[in-house]
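Trainee: Hey, got a minute? I've just opened this one and could use a walk through it.
Mentor: Sure, pull it up and ask away.
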Amino acid sequence: DSPFNYKKKCLLYFPPRVKMQMDNRKMAEEIVRLVGACHGHALVLFTSYRQMAEVRALTDGQWHYPTYQAWRNGGRVIQQFKESGNGVLFAAGSCWEGIDFPGDMVSLLIIAKLPFPIPDPVSDYERRQYPNLRDYINAEVIPEMQKKLRQGFGRAIRTEQDTCVVSILDHRTAKKGRYRSDVLEALPKCQMAERIEEVENFIRSRKVERYYS
């Protein structure tokens, strides 16, 4: 049992379902809308450093909040983000787990893509232990993704006073998306939204005046 009242403290936002996979440009546009709605205070998590850099470049100049990019061993950059008050941090790797962002510093958590494990010799061996690919995915790949997703989600609410919008941009999590039920199963029960106005209203109703300064 969690001490956190996620239904009150957290809004889970999925962009409206699109027919095509969200490319980097569409992803950047969605991030700009979300950062604007939440007035900065954002952590954007990627599964790929390359995609992180490309999407970051596409958002350049789209807001006035201090913006940071954490590469490997990015402890100094992460500290600068924490001290900024309302900054935006693009990150990957170790930022999915083990780093605390309490208070208002992360009031918007954006997960760019579902964190599926990268194939390696161990996973190739595991795959051969199952009669077909679907059984392997259900038994090994999806649970591993769910575990990493929970770790990433954990960056959002660190104390009982925290409030946060969490957005998952992967098109496979939208309504009727292939992995939507797996994602919802992995996360706590939260309010859900598909309109940016709902994000704006949530932040407006949860944050006090100093948040905007």
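Trainee: Let's start small: is Cys10 buried or exposed?
Mentor: Cys10 is buried, with a relative accessible area of 0%. Keep in mind that this is a predicted model.
Trainee: Okay, and how many disulfides does the structure hold?
Mentor: Zero. Cys10 is in no disulfide, and the nearest cysteine sulfur, in Cys190, sits 4.0 Å away. A disulfide needs the two sulfurs within 2.5 Å.
Trainee: What about Cys95, why is there no bond there?
Mentor: Because its closest cysteine sulfur, the one in Cys164, is 15 Å away, and that is too far for a bond. Cys95 counts as buried too, at 2% relative accessibility.
Trainee: You mentioned Cys164. Which residues flank it in strand 6, and on which side do they lie?
Mentor: Cys164, Val166 and Ile168 are on one side, with Val165 and Ser167 on the other, and all of them are buried, so both faces of strand 6 are covered. In a regular strand, side chains alternate between the two faces of the sheet.
Trainee: So how much of strand 6 is buried?
Mentor: Five of its five residues, 164-168, are buried, so strand 6 is largely enclosed by the rest of the structure.
Trainee: Which strands are joined to strand 6?
Mentor: Strand 1, residues 10-13, runs parallel to strand 6 and is joined to it by four bridges. Cys10 stands opposite Cys164 there. Strand 5, residues 108-111, also runs parallel to strand 6, with four bridges between them, and Leu108 stands opposite Val165.
Trainee: Zooming out, in what order do the strands of the sheet come?
Mentor: The order is 3-4-2-5-6-1-7: seven strands in an open sheet, with parallel pairing. Strand 3 (67-69) and strand 7 (191-193) stand at the edges with a single partner strand each, so one side of each has no neighbour in the sheet. On average, neighbouring strands are turned by 20° against each other, direction ignored.
Trainee: How many bridges does strand 3 have with strand 4?
Mentor: Three, and strand 3 runs parallel to strand 4, residues 88-91. Tyr68 stands opposite Leu89 in that pair.
Trainee: Last one: which strands does helix 2 touch?
Mentor: Helix 2, residues 24-38, packs on the sheet and touches strand 1, strand 2 (42-45), strand 4, strand 5 and strand 6. Its direction makes about 170° with that of strand 5.

Methods: Residues are numbered from 1 along each chain as its sequence is written. This is a predicted model: local features need pLDDT of at least 70, side-chain atom pairs count only at pLDDT 80 or more; totals for chains, interfaces and linings use all residues. Side-chain values use heavy atoms; hydrogens and water are left out. Buried means under 20% relative accessible area, exposed over 50%, partly exposed in between (1.4 Å probe, protein chains only). Helices (H or I, at least four residues) and strands (E, at least two) are DSSP runs, numbered from the N terminus. Two strands pair if DSSP finds at least two bridges between them. Axes are lines fitted to C-alpha atoms, for helices over the stretch in contact, and angles run from 0 to 180 degrees between N-to-C directions. Contact means heavy atoms within 4.5 Å.
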